[in-house]
Amino acid sequence: MTTLLEMREITKVFPGVKALDRVSLTVEVGEIHAICGENGAGKSTLMKVLSGVYPHGSYDGDITYDGEPLANRDIRDSEHKGIIIIHQELALIPLLSIAENLFMGNEVATNGVISWPMAFKKTEALLRQVGLNEPPGAVVGKLGVGKQQLIEIAKALSKNVRLLILDEPTAALQEADADRLLDLMLELKAQGVTQIIISHKLNEISRVADRITVIRDGTSVSTLSKDEISEDRIIRDMVGRDMAHRYPERTPNPGDVLFEVENWSCWHPEQAGRKMIKGVSLNVRKGEIVGIAGLMGTGRTELAMSIFGHSYGKGHEGTVRMNGKPVDVTTVGKAIEAGISYVTEDRKALGLILEEPILRNISLANLVGIAKRSVLDKRREAQVAEGYRKQLGIRTPGVQQKVVNLSGGNQQKVVLSKWLFTDPQLLILDEPTRGIDVGAKFEIYTIMKDLAEQGRGVLMISSEMPELLGMCDRIYVMNEGRIVGELGRDEADQEKIMALIVRDNNKGKVA
Amino acid sequence: MADKQSSLGGHLRENGMLLALVAIVALFSILVSAQGKPMFLQAPNITNIFLQNGHVIILALGMLLIIVSGHIDLSVGSVAAFTGAVAAYLTVDAGLPFWLVIPLTLIVGGLIGAAQGYWVAFWRIPSFIVTLAGMMVFRGATLLLLGGQNIGPFPKAFQSMSSGFIPDLTGLMKPHGLTLIITALVIAAVVWVGLRARARDAEFGITPEPTGLFWGRTAIIAAAMAFVGYQLASFRGLPNVLVVLAILIVLYAFFTENTVQGRRIYAVGGNEKAAKLSGIRTDRLVFFCFVNMGVLAALAGMMVTARLNSATPKAGTGFELDAIAAVFIGGASMTGGSGKIIGVVIGALIMGVMNMGMSILGIGIDYQQMIKGLVLLAAVIFDVYNKNK
């Protein structure tokens, strides 16, 4: 076997974060090499280094490709050499046809005039190669995600791919489509295309991969050959580490059941017949911090938003109870009235009005609370904002400051202030520390601890397992829109959580 | 530091607009006297600025809410024409008294706004499309209702809505006593509101405007008001239009800055998704903005009809563009979420003063259009430049 790619001691530093720390990866000609790791472990960053998204010089370490040093200036450079990456979010233009998408930026043209007959003929050949039976003129947006994935691969083939990188290719696919994709990968391998697949799904990996490299916390932990691959080994490698952060000391003191969801289901808002949340039941007690673990895209945010005023999905079924009584959560207003708050994972797009000052953002969800007969009391508004600024330690010259000027941690505190001003009994925090530096994380944890001590319930969604383990009294594990397990504070550890997810995936495979 | 900058920038914007207005007035005063014509700022001209531009200000008030909420309304000119025709039909053909015609016409305007707002708010059809359709539909409806003819003339009572003056209850008549009293009261109110806002800023720890700047500006405004008031008093007194305008401006300024619903409209335009997830019924607010726009368009339509003393098929052409221009000259953001009533009023006055000044100077309609277009562009470039600095 000859080596196609060798990445040696790759280190990539972002301001304040070391995303990759001396990662090495070797890929042989004609193999399928899998890369595993938790969310944020550095898999995607490594692939971006390889494909030229981060150009040569912006990282340390060296790359040898095909026996020569590789120094990509940009993506075009690496594509020229046959290294093609297919990202998780497909980069197709939905309103254009398959043929137009396939040759986007690489048009079949002479002197700038496109030859459509030629392009269509080439498209047909490529589609046959990936086993997709659609006319080249079909509009891409009307095809399912599975077919779009195949078009991406056909696009890669049109560029004479030698090393194909697939970043979680099956994450958005239904079972049958995923199967088809894996078959195609094996076919391409037979044709001599070397491939790298990033995936969480161990059943898929063991089906197609020849070797696996596990990445954790920005370092490569191990490279296993096909016969060494085992669930336990991979899980241990993926999560085996000390707690990276500190958490405030707290003595859990859960009270009565505050919040209860029973048999909650809902459907995808656009794709008919796709059930996103499948009969979820869970509860949170007063003064309790409860976590929901799971990989990205398993329906945690969808669950939270569907409960919070039916903000996600349609065809909602199930019951929500507060203090034992069923409550109406059909609109956000009613959910707030029932004492529920939802702190979004995407604070810039969904949580804040960036161009408005802090105080207007804080009062937004409870304007009635600063108004008398619908007339705003701006003095009270400023006092309220000032109060939260001190209480939560929002670092700003004044509450008139526009939130766009604040750091991530301080923005998050503004969002929290907004919801605290509605005096919620239950706070659903979705990825509360995403995009926040380590110091500010501790402050957010402390706020969560205080909330619990005030007798409020906290339901925390997070992809960072250490943070769930460090903060939560109980953890629900969610996968594919279902709760697949519940672990108490004492029994929970990363391996058990991972195992619940992985085994659930495999169960789906067998069934 | 950033706070100080942005607050200064904000003050700069508003004061800049006011300065621009003053500069434009001064420029025309000089140019007009240079041509040897009677003084630009004489009583009839001042009265006429309000009579001839009242409808633009009224439309711009509604347009501000629409634009702040992140939408646009291209139909207001046609709707004003149509409602003007409705008012004319009800008055002249049906012989209804004006106190019945006015509310009926406003209701028709509201219904038209509702019909358009329904598609924008609840079906999420782009407002550009819906109101472009409305622009054509109601232009056609106007022609249909008028049968290609003009309807008029109107009874005195209806005309007085746009061309009447308030009675002088003091019996002084020359100068108009009540006008002087109201002018004094308004100046006192402006100073008082300004001082109160300053006190509040100080209390909240907001970097206040420099004292000199505040008093300088207040002095200019007070002097301008005293001058305008005295000129009006020495002519025929306060025009009814100005009274209606003043009430509406105060009402809308209060609504946008001091009420729950007003604040929520800014939130919808600032970040609709965040507003929705904060429990705000964004669709209902957008619907309300369009209904409100329809009612104001009807009011503007009646005023124009009353001033011309006839409803004509061509009435209201281009009103939508004047209103939109006033809003953007007044500093509203194209993407929604920001803009102030006072800015809009200044924007409309800038356009009005330019119209009148250029007409007096005898500048042709060709150059007038070009100059107004360039002023609009310059105002927005100034804004963008300030933001990016």
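This passage walks through a predicted model with chains A and B, looking at chain B, then chain A, and then the contact between them.

Chain B is a good place to begin. Its secondary structure consists of 15 helices and zero strands. Along the principal axes, the C-alpha atoms of this chain fill a box of roughly 65 × 60 × 40 Å. A compact globule of 389 residues would have a radius of gyration near 21 Å, and chain B has 21 Å, so the value agrees with that expectation. Of those 389 residues, 43% count as buried. It is also worth asking how far apart in sequence the contacting residues are. Among the contacts in chain B with a separation of 6 or more, 81% are made by residues 24 or more positions apart.

The inside of the model comes next. In soluble globular proteins, nonpolar side chains tend to be buried together. Here, the largest nonpolar core has 251 residues, and those with the most contacts inside it are B:Leu59, B:Ala60, B:Met63, B:Leu64 and B:Val327. Helix H12 of chain B, residues 282–308, provides the largest share of this core, with 18 residues. The surroundings of B:Leu59 give a closer view: once its neighbours within four places in sequence are left aside, B:Leu59 is in contact with B:Val76, B:Leu296, B:Ala297, B:Ala300, B:Phe319 and B:Ala323.

Helix H6 of chain B, residues 156–163, offers a neat example of how a helix can be arranged. Its buried residues are B:Phe158, B:Met161 and B:Ser162. Viewed down the axis of H6(B), these buried residues fall within an arc of 80 degrees, and therefore they line one face of the helix. The cover over the buried residues of H6(B) includes helices H2 (43–68), H3 (76–93), H4 (98–122) and H9 (240–258), together with H12, of chain B.

Turning to chain A, the domain assignment gives domain 1 (3–239), domain 2 (257–339 + 424–510) and domain 3 (350–423). The centres of domain 1 and domain 2 of chain A, taken over C-alpha atoms, are separated by 32 Å. Where these two domains of chain A touch, domain 1 contributes 12 residues and domain 2 contributes 14 residues. On the domain 1 side, the elements giving two or more residues are helix H7 (202–208) and helix H8 (231–239) of chain A. H8(A) gives the most to that side, with five residues. By class, the domain 1 side has five nonpolar, four polar and three charged residues.

Another helix of chain A, H9 (residues 300–307), is largely enclosed by the rest of the structure, because seven of its eight residues are buried. The buried residues of H9(A) are A:Arg300, A:Thr301, A:Leu303, A:Ala304, A:Met305, A:Ser306 and A:Ile307. Just after H9(A), A:Gly309 takes a positive phi of about 70 degrees.

Finally, how do the two chains meet? The contact takes 27 residues from chain B and 30 residues from chain A. On the side of chain B that touches chain A, the elements giving two or more residues are helices H1 (2–34), H7 (177–204), H10 (260–270) and H11 (272–276) of chain B. H10(B) supplies the largest share of that side, six residues. Sorted by class, the side of chain B that touches chain A has eight nonpolar, 12 polar and seven charged residues.

Definitions and conventions
Residues numbered from 1 in each chain as written. Chains lettered and ligands numbered in written order. Contact = placed C-beta atoms within 7 Å. Helix = DSSP H or I, 4+ residues; strand = E, 2+ residues; numbered from the N terminus. Nonpolar A, V, L, I, M, F, W, Y, C, P; charged D, E, K, R; others polar. Rg over C-alpha atoms; globule rule 2.2 N^0.38 Å. Buried ≥ 20, exposed ≤ 12 C-beta atoms within 10 Å, placed from the backbone. Core = buried A, V, L, I, M, F, W, Y, C linked by C-beta atoms within 7 Å. Arc of directions from axis to C-beta. Domains from an automatic or database assignment.
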